[in-house]
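Please work through the following exercises with the sequence and the 3D structure open beside you. Each task is followed by a solution that goes step by step.

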Amino acid sequence: MTTSTSTDLSFFSRLRAYGELMRPPNIVTAFADILAGFSAAGGAILVSGSALSVSHPNLGWLLLSTFGLYGGGVVFNDVFDAGLDAKERPERPIPSGRASKSGATLAGSVLLLAGMLTAFQVNRYAGFLAIAISCGALLYDYWAKHSALWGPLFMGGCRGGNLLLGCSIIPASLFSLWFLALLPVAYIGSITLVSQGEVHGGDKRSGLGALALIILVTLCLFFLGLFPGYTAGTASLFIVLFAVMVIPPFWKAAFKPEPDLIKKAIKRGVLSLILLNAAIAAGFGGFPVGIIVVLLLPLSLLISKLFAVT
């Protein structure tokens with residue numbers, strides 16, 4: 001009985017370790033990217049009583065795709081950082097021995113492959129976008145994140161690509177909505193900039209740059225009203241919520257770049273991606289769609305109490 005219980009605990013401990021590698025709270029934010037892109041492309045999410053219905057059956061494939069792409073990307077982040085984490089973050093799954101490097105490599109590969117294959121179930125545009133996102137994630141994990149310039153651009157590009165993955169449900173929309181990808185590029189760029197001081201503390205220049213990008217993204221959400229199909233008034237509540245969530249912690253991290261404040265800014269920034277996407281979804285798809293996306297936030301917050309965001 002004791003041996004069986006010990007084996008069960010070991011199994012669940014390892015299962016949790018691989019779950020930690022995937023950053024589950026962050027994957028929920030990737031779902032929000034897809035829903036925002038889907039709404040911007042003209043996909044409808046209808047609420048009837050307590051039931052939801054969508055105008056396109058392939059939305060489920062895109063949600064599965066982003067699960068694999070994001071999950072696989074962050075798993076490889078830990079694979080490539082295993083040596084550094086052994087010194088700076090020994091509690092992480094690989095350096096702590098709770099997950100093996102070879103096992104994590106296999107898990108990350110399976111997730112990325114699944115993300116690409118499920119995207120091709122939608123159409124070839126989605127499939128090729130998934131391939132580009134996978135390549136971008138791997139390049140970021142292995143090389144670009146060590147650069148103050150290329151790190152933010154690659155990570156932001158992956159999130160921008162994920163938003164366009166949602167748009168790919170209607171391929172023609174990609175040619176008219178490509179500019180939406182610039183919003184997550186700038187926003188994730190700000191998070192990546194400030195995250196460079198997560199372990200040892202940052203500098204004010206990076207912090208101020210990140211804060212400036214946050215404010216720029218907030219203003220751009222209002223200016224989207226200049227484009228056909230987007231109603232800034234409908235999105236305004238979500239834009240204000242977004243600003244209230246992210247500007248204060250980034251302000252503190254910019255003027256006092258200590259590791260604890262930086263970690264709080266990163267966590268708030270990652271989770272607030274849901275509010276950014278809610279503003280886009282509401283502006284294009286209506287207030288109820290924005291509410292549906294916002295409801296992912298408490299889910300992500302709940303999961304963040306069980307699994308780390310960074």
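Helices (H or I, at least four residues) and strands (E, at least two) are DSSP runs, numbered from the N terminus. Residues are numbered from 1 along each chain as its sequence is written. The model is a predicted one, in which local features need pLDDT of at least 70, side-chain atom pairs count only at pLDDT 80 or more, and totals for chains, interfaces and linings use all residues, while side-chain values use heavy atoms and leave out hydrogens and water.

**Exercise 1. Describe the setting of Arg23: where is Arg23 found, and is the residue buried or exposed?**

Step one is to place the residue: Arg23 is found in the loop between H1 and H2.

Step two is to consult accessibility, where buried means under 20% relative accessible area, exposed means over 50%, and partly exposed lies in between (1.4 Å probe, protein chains only). Because its relative accessibility is 6%, Arg23 counts as buried.

Step three is the backbone. Most residues other than glycine have a negative phi. Arg23, however, has a phi near 50°, a positive value in a residue other than glycine.

**Exercise 2. Find the salt bridge partner of Arg23, and then study the other charged pairs.**

Step one is the criterion: a salt bridge is a side-chain nitrogen of Lys or Arg within 4 Å of a carboxyl oxygen of Asp or Glu. A search of the whole structure finds eight salt bridges.

Step two is the pair itself, in which the side chains of Arg23 and Asp78 meet at 3.1 Å, N to O. This pair links distant parts of the chain, with Arg23 in the loop between helix H1 (2-22) and helix H2 (24-40) and Asp78 in helix H3 (residues 59-80), 55 residues apart. Both Arg23 and Asp78 are buried.

Step three turns to a second pair, Arg159 and Asp33, whose side chains form a salt bridge at 2.8 Å, N to O. Here too distant parts of the chain are linked, since Arg159 lies in helix H7 (residues 150-167) and Asp33 in helix H2, 126 residues apart. Arg159 is buried, and Asp33 is buried as well.

Step four takes Lys256 and Glu258, which form a salt bridge with their closest N and O atoms 4.0 Å apart. Lys256, at 46% relative accessibility, counts as partly exposed, and Glu258 is also partly exposed, with a relative accessible area of 38%. Elsewhere, salt bridges that share partners join Arg16, Glu20 and Arg98 into one network.

**Exercise 3. Work out how H2 and H3 pack, and which residues meet.**

Step one is geometry, for which axes are lines fitted to C-alpha atoms, for helices over the stretch in contact, and angles run from 0 to 180 degrees between N-to-C directions. H2 and H3 pack at an angle of about 140°, with their axes 9 Å apart.

Step two is the class of angle: under 35 degrees counts as roughly parallel, over 145 as roughly antiparallel, 65 to 115 as roughly perpendicular, and the rest as oblique. H2 is therefore oblique to H3.

Step three lists the contacts, meaning heavy atoms within 4.5 Å. On the H2 side are Asn26, Ile27, Ala30, Phe31, Ile34, Leu35 and Phe38, and these meet Leu59, Leu62, Leu63, Thr66, Phe67, Tyr70 and Gly71 in H3.

**Exercise 4. Examine the largest nonpolar core and name the helix that gives its largest share.**

Step one is the term: a nonpolar core is a set of buried Ala, Val, Leu, Ile, Met, Phe, Trp, Tyr and Cys residues joined through side-chain atoms within 4.5 Å. The largest one has 91 residues, of which Leu165, Leu177, Leu180, Tyr187, Leu221, Phe242 and Phe250 touch the most other members. The largest share of this core, ten residues, comes from helix H13 (residues 273-285).

Step two looks at Leu221, which, not counting residues up to four places away in sequence, touches Leu183, Tyr230, Ile239, Phe242, Leu276, Ala279 and Ile280.

Step three follows H13 to its partners. The axes of H13 and helix H14 (residues 287-294) come within 7 Å and cross at roughly 160°, so H13 and H14 are roughly antiparallel to each other. Helix H12 (residues 259-271) packs with H13 at an angle of about 30°, their axes 4 Å apart, and H12 and H13 are therefore roughly parallel to each other. In this packing Gly269, Val270 and Leu271 of H12 meet Leu273, Ile274 and Leu275 of H13.
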